[in-house]
Amino acid sequence: MASDQPSETGEDTYEQFEERVERISNVGNAAGILRWDQEVMMPEGGTPARAKQLSTLSSISHELLTAEETGDYLDELEGEDLDGDREAVVRETRREYDRATTVPEELVTEISETTSNAHPVWMEAREEDEFSTFAPTLEKLVSLKREYAEHIDPDADPYAVLFADYEPYLDLETAERVLTRLREELVPLISAIDDSDTEIETDAFSGEFDDDTQEELARDALDTLGYDWDRGRIDTAPHPFSSGTQFDARVTTRFDEEDLLGSITSTIHEFGHANYTLGLPDEGYGTPLGEARDLTVHESQSRLWENHVGRSEAFWERFLPQVRERFPEVEATPREAYESANQVYDDNLIRVEADELTYHLHIVIRFEIERDLIAGDLDVEEVPEVWNDKYEEYLGVRPETDAEGCLQDIHWSHGSFGYFPTYSLGSVLAAQLYDAATDAVGDVDSRVREGEFDELNGWLRENVHRHGKRYTTPELIERATGKAYSADDFLAYAKAKYGELYDLEAY
């Protein structure tokens, strides 16, 4: 009679296997700290050594993951009757192993070293407003990532292979379907807003605001939301990001003396990422059980806090007095602050400064361009013109410089092709999760107004954060919300919110 318990041999194998998984994870986490340092604190001259350091760590991680012992552990454990947690660790490691073993170590090393060297080249190109400076590096990265995809699955769409690095369980067809629906339904909504005669407040945060006081206000915002300073810190970076583990989740933001709102929303966005990371179970550290469930879910957390909380009228009723304490010249009412935080721009070129609606057209443009780059249907040298043409077609504005055009994002310098769709996919999921949380805990807005975030965050901890990678993305969404992933909740939210703001009868 078969036993429901794993065999003694299987138990020993699993412990040895988990030890190996933890070593791989620790090497990756060490590399993460070096990348954070490169973007935040490293002196400019440190790049040659840092590129070699990261390349070495990448090689070590790859060697550990693709070693014959790892495959033997996986083969043996897949024949065992494992509990749900262990089964998830094996499933996730198997997926990484299968992908990694098809890619030559030399290619992994070359990609790592090229992306490390690409970062300062991208920065120089953006500062000099000269795409041609970055073009050869981008061309090399596109070629390397095509080669990478070819090794993993020569019969698949190479872009689908790259997309699966960031979102392995929602397929590219789902991403395309969601992006198409957003474009089809948001464009007429944005058009109706453009045609509206309703005037909302747009200058509640106009003025000049010094960086040091903005940093103090950013810390106020993190304090208000409940950021754990014992396990985090805030710094500045040219392109804000969050990184780390449940024991050390750091945020970065940026300050513009003429854009106070931008620093606030950027900080809240990165708080959402760090808050998810800090909510991962401590006991799962070093294994997939202590890692975030990929980028759609990760982005859902940042967009939920940035948009559903940080851009709500209730939040501004709570937070505006702190803004005035730091900057007495801000004389707006909470309603005026809310309107300014949610105005729809008709001339915005920068994704990270975009409003909540046109943001998704910024994503569609990047998605279409990088798909064509990877497919070989677009040459690198054509990117600036195609980028500008698409901005004119989709958003009615045309960049005058490369810096405000195709050089504004850092992602391609990281070789992160397939990353951009997850921003919109995450925004869609944020609305679905927020609705489910509201159904479960009651009126979230009233709690935000009182500065009480524990119930919302508790629901997120219970239904999203604590599971790590125990479930696939569709399973996690259905367990948390009671329904399959869909754009319905986001579109209903967007139409209701902006219909009220701009007095749109049709919405």
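In this predicted model, helix α3 passes helix α4 in a left-handed crossing. The axes of α3, which spans residues 68-77, and of α4, which spans residues 84-100, come within 11 Å and cross at roughly 140°. That angle makes α3 oblique to α4, because only angles over 145 degrees would count as roughly antiparallel. On the α3 side the contact involves Thr70, Gly71, Leu74, Asp75 and Leu77, and these meet Val90, Thr93, Arg94 and Tyr97 on the α4 side. Sorted by class, the residues of this contact comprise 4 nonpolar, 3 polar and 2 charged.

A second helix pair can be described in the same terms. Two packed helices are described by the angle between their axes and the distance between the axes. For α8 and helix α16, the latter covering residues 421-441, the axes come within 10 Å and cross at roughly 75°. The two helices are therefore roughly perpendicular to each other, since the range for that description runs from 65 to 115 degrees. Helix α8 contributes Ala175, Val178, Leu179 and Leu182 to the contact, while α16 contributes Pro421, Ser424, Leu425 and Val428. The contact of α8 with α16 has 7 nonpolar residues and 1 polar residue, and no charged residues.

**Salt bridges**

Side chains of opposite charge can pair when their charged atoms come close. A search of the whole structure finds 42 salt bridges, and the table sets out some of them with the separation of the N and O atoms.

| Salt bridge | N to O distance |
|---|---|
| Glu185 and Arg181 | 2.9 Å |
| Arg233 and Asp235 | 2.7 Å |
| Glu455 and Arg447 | 2.7 Å |

Glu185 and Arg181 both belong to helix α8, residues 172-195, where they stand 4 residues apart, about one turn of the helix. Arg181 counts as partly exposed, because its relative accessibility is 29% and the class between buried and exposed runs from 20% to 50%. In the salt bridge of Arg233 with Asp235, Arg233 is partly exposed at 36% relative accessibility, whereas Asp235 is buried, with a relative accessible area of 14%. Glu455, which meets Arg447 in a salt bridge, counts as partly exposed at 40% relative accessibility.

**The network around Lys469**

Which residues are linked in a network of salt bridges with Lys469? The network joins Lys469 to Arg91, Glu92, Glu291, Arg293 and Asp294. Lys469 is placed in the loop between α18 (454-463) and α19 (473-481), and at 13% relative accessibility Lys469 counts as buried, because that value is under 20%. Leaving aside its neighbours within four places in sequence, Lys469 is in contact with Ala88, Arg91, Glu92, Pro288, Leu289, Glu291, Ala292, Arg293 and Asp294.

Asp294, one of the members of that network, lies in helix α11, residues 294-309. Asp294 is buried, with a relative accessible area of 12%. The backbone of Asp294 also deserves attention: phi is near 65°, a positive value in a residue other than glycine.

**Positive phi and a further position**

Most residues other than glycine have a negative phi, and most peptide bonds are trans. Asp503 likewise has a positive phi, near 55°, in a residue other than glycine. Is Asp503 buried or exposed? At 57% relative accessibility Asp503 counts as exposed, because exposed means over 50% relative accessible area. Asp503 lies in the segment after α20, which covers residues 488-501.

The last position to consider is Ile33, found in helix α1, residues 8-40. Ile33 is partly exposed, with a relative accessible area of 35%. The C-alpha atoms of Ile33 and Ser243 are separated by 8.1 Å, although these residues are 210 residues apart along the chain. Leaving aside its neighbours within four places in sequence, Ile33 is in contact with Asp248 and Arg250.

Definitions and conventions
Residues are numbered from 1 along each chain as its sequence is written. This is a predicted model: local features need pLDDT of at least 70, side-chain atom pairs count only at pLDDT 80 or more; totals for chains, interfaces and linings use all residues. Side-chain values use heavy atoms; hydrogens and water are left out. Axes are lines fitted to C-alpha atoms, for helices over the stretch in contact, and angles run from 0 to 180 degrees between N-to-C directions. Angles under 35 degrees count as roughly parallel, over 145 as roughly antiparallel, 65 to 115 as roughly perpendicular and the rest as oblique. A crossing is left-handed if the near helix is turned anticlockwise from the far one by less than a right angle, and right-handed if clockwise. Contact means heavy atoms within 4.5 Å. Ala, Val, Leu, Ile, Met, Phe, Trp, Tyr, Cys and Pro count as nonpolar, Asp, Glu, Lys and Arg as charged, and the others, Gly among them, as polar. Buried means under 20% relative accessible area, exposed over 50%, partly exposed in between (1.4 Å probe, protein chains only). A salt bridge is a side-chain nitrogen of Lys or Arg within 4 Å of a carboxyl oxygen of Asp or Glu.
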